[in-house]
Amino acid sequence: MTEEIIFDGDAVIIGGGLAGLTLALAFEQAGLDVAVVDSLPMEDRLDPEYDGRSSALAYTSWRMFEALGVADHLRPHAQRIEHILVCDGRPYGGTRPGGPGPHTLHFDRREISEGPDGEPLGWMAENRHTRHALISVLKNRDRIMAVAPAKVVNHETLSDGASVWLDDGRRLNAELLVACDGKFSRTRVREGVRTFGWSYGQKGVVCTVQHEQPHAGVAYEYFMPSGPFAILPLPDNRSSLVWTERDETADALIAASDEVFQAELENRFGDFLGGVKPVGPRFSYPLGLRYGETFYRERIAFLGDAARGIHPIAGQGFNLGIRDAAALAEVCGEAKRCGLALGAPTTLQRYQDWRAFDSATLAVGTDMFTRLFSNDIEPVRQLRGLGLSLVNKIPPARRFFMRQAGGETGDPPRLLRGLKLETAA
Ligand SMILES: Cc1cc2nc3c(=O)[nH]c(=O)nc-3n(C[C@H](O)[C@H](O)[C@H](O)COP(=O)(O)OP(=O)(O)OC[C@H]3O[C@@H](n4cnc5c(N)ncnc54)[C@H](O)[C@@H]3O)c2cc1C
């Protein structure tokens, strides 16, 4: 039987999650012919029940979405983040708990961007809308071949190219493979790339809530002993909750009746935005760290959660994947224009050099933050409260953290500056 080769081009992306789809568009803009393979049908990935999460998109990520044509599709469903309030401990205020706590760190976007319509600290969007926007743009790009549903079951890398095999026996050939198949990447396992990491023994319970009062674009993060409780603004008086609890409590919250969940929600959320009620289902996600020892092997790059998956405490996992995509697309676009091999170690080492520091800093930073804040030890509480208050009093420190969270670190790739990539041929 002759093997059916369905693609022979520049790059095959294994995994069409948020990171893989973003990379496909960036590669296309760099002039690469690309195939993106996912084991799930597109309709399933667009189903509201598939992923209940919303993501905070850093302002540099949004600039990249502008440059790729994604922002126009997403803007009607996205919410500007004008302020971020970080509070230590149980929220107080109103007749029930709620509102900022005693030690508060306030980030105000007017400190780093001017005018009523100045660039916000970031944007919030439901993942389903982001996925929809990415796929809408992708469907109009001739140089991108979307292959789904199709599970990658094997791959091979040679010095002059690479191949992947699908579960139905079809094959794709390319100069470069990119593994975007998530935190538990099978491609990484097949390549024998070692990882380190651990579970935090926490789960993030996620749901969308409606509240009576407008949130005014404020994102709240309360550090509770069981883990952070984040209230993230969405359009139409809605917010997305990431409610971190120890595994057993999270499981109980997911299994609870609507009445019990409502009571727990009111107790935790408070009434500072008036009455609050869940809209839509609850989801839960186990939280852990998984970090790969390398960003590449000859002819294969690792990107998004397949390169490293981190705790969502700072809302940075997808943003890291976006930054990976911006760097890899720029490096590969330049290599193609210069007639260099896309998957050669010299090309991919540039990608690793560009991404390793930011990636490691955030993995270590989020891990330290999670450990420092997910406890109720009195001296530690006092120390971190002091730290929050101190940063809150120093404007340059506040601006530094806002720019870091916005992804404005080091030497940002063109796409993160909102500039389009130069096209190779
Ligand atoms: C509770 C929570 C809140 C979060 N909030 C934020 C936030 O506010 N901001 C932020 O930036 N990040 C956030 N994150 C992190 C973010 O969700 C992830 O970093 C991001 O979704 C990872 O995307 P990915 O494409 O790398 O991986 P995935 O989403 O895991 O996608 C992998 C894809 O690969 C496909 N696949 C797997 N194996 C195969 C195979 N063999 N063949 C073909 N296809 C395959 C899968 O079907 C899937 O579509 C949060 C995470 C959690 C848990």
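Around the ligand in this predicted model there are 33 residues, and those that come nearest are Gly-15, Gly-17, Gly-182, Gly-304 and Gly-317. Four elements give two or more residues to this shell, namely helix 1 (18-29), strand 3 (54-58), strand 12 (195-211) and helix 9 (317-337). Helix 9 supplies the largest share, with four residues. Sorted by class, the shell holds 13 nonpolar, 14 polar and six charged residues.

Helix 1 and helix 9, both of which give residues to the ligand shell, also pack against each other, at an angle of about 25° and with their axes 9 Å apart. Because angles under 35 degrees count as roughly parallel, helix 1 is described as roughly parallel to helix 9. The crossing in which helix 1 passes helix 9 is right-handed. On the side of helix 1 the contact is made by Leu-18, Ala-19, Thr-22, Leu-23, Ala-26, Phe-27 and Gln-29, and on the side of helix 9 by Phe-318, Gly-321, Ile-322, Ala-325, Ala-326, Leu-328, Ala-329 and Cys-332. By class, this contact of helix 1 with helix 9 comprises twelve nonpolar and three polar residues, with no charged residue among them.

Helix 9 has a further partner in helix 10 (residues 345-373), with which it packs at an angle of about 165°, the two axes lying 9 Å apart. Since angles over 145 degrees count as roughly antiparallel, helix 9 is roughly antiparallel to helix 10. The crossing of helix 9 and helix 10 is right-handed. From helix 9, the residues Leu-320, Arg-323, Asp-324, Ala-327, Leu-328, Val-331, Cys-332 and Ala-335 take part, and they meet Thr-347, Arg-350, Tyr-351, Trp-354, Arg-355, Asp-358, Ser-359 and Leu-362 in helix 10. The residues in this contact of helix 9 with helix 10 are nine nonpolar, two polar and five charged. Leu-328 and Cys-332 of helix 9 appear in the contact with helix 1 and also in the contact with helix 10.

From the helices we can turn to the strands, beginning with Ile-84, which is found in strand 5 (residues 83-88). Ile-84 has 24 other C-beta atoms within 10 Å and is therefore buried, the cut-off for that class being 20 or more. Leaving aside residues up to four places away in sequence, Ile-84 touches Phe-107, Leu-121 and Ala-219. Arg-63, which is 21 residues from Ile-84 along the chain, has its C-alpha atom 20 Å from that of Ile-84.

Several loops between strands hold backbone details that deserve attention. In the loop between strand 8 (144-147) and strand 9 (152-158) lies Pro-149, and the peptide bond that leads to Pro-149 from Ala-148 is cis, with omega near 0°. Asn-237, a residue other than glycine, has a positive phi near 50°, and its place is in the loop between strand 14 (227-234) and strand 15 (238-246). Because Asn-237 has 16 C-beta neighbours inside 10 Å, it counts as partly exposed. A positive phi, near 75°, is found at Arg-299, which is likewise a residue other than glycine, and Arg-299 sits in the loop between strand 18 (296-297) and strand 19 (300-302). With 24 C-beta neighbours inside 10 Å, however, Arg-299 counts as buried.

Notes: Residues are numbered from 1 along each chain as its sequence is written. This is a predicted model: local features need pLDDT of at least 70, side-chain atom pairs count only at pLDDT 80 or more; totals for chains, interfaces and linings use all residues. A residue is near a molecule or strand if its C-beta atom, placed from the backbone, lies within 6 Å of it. Ala, Val, Leu, Ile, Met, Phe, Trp, Tyr, Cys and Pro count as nonpolar, Asp, Glu, Lys and Arg as charged, and the others, Gly among them, as polar. A residue is buried if 20 or more other C-beta atoms lie within 10 Å of its own, exposed if 12 or fewer, and partly exposed in between; C-beta atoms are placed from the backbone. Axes are lines fitted to C-alpha atoms, for helices over the stretch in contact, and angles run from 0 to 180 degrees between N-to-C directions. Angles under 35 degrees count as roughly parallel, over 145 as roughly antiparallel, 65 to 115 as roughly perpendicular and the rest as oblique. A crossing is left-handed if the near helix is turned anticlockwise from the far one by less than a right angle, and right-handed if clockwise. Two residues are in contact if their C-beta atoms, placed from the backbone, lie within 7 Å.
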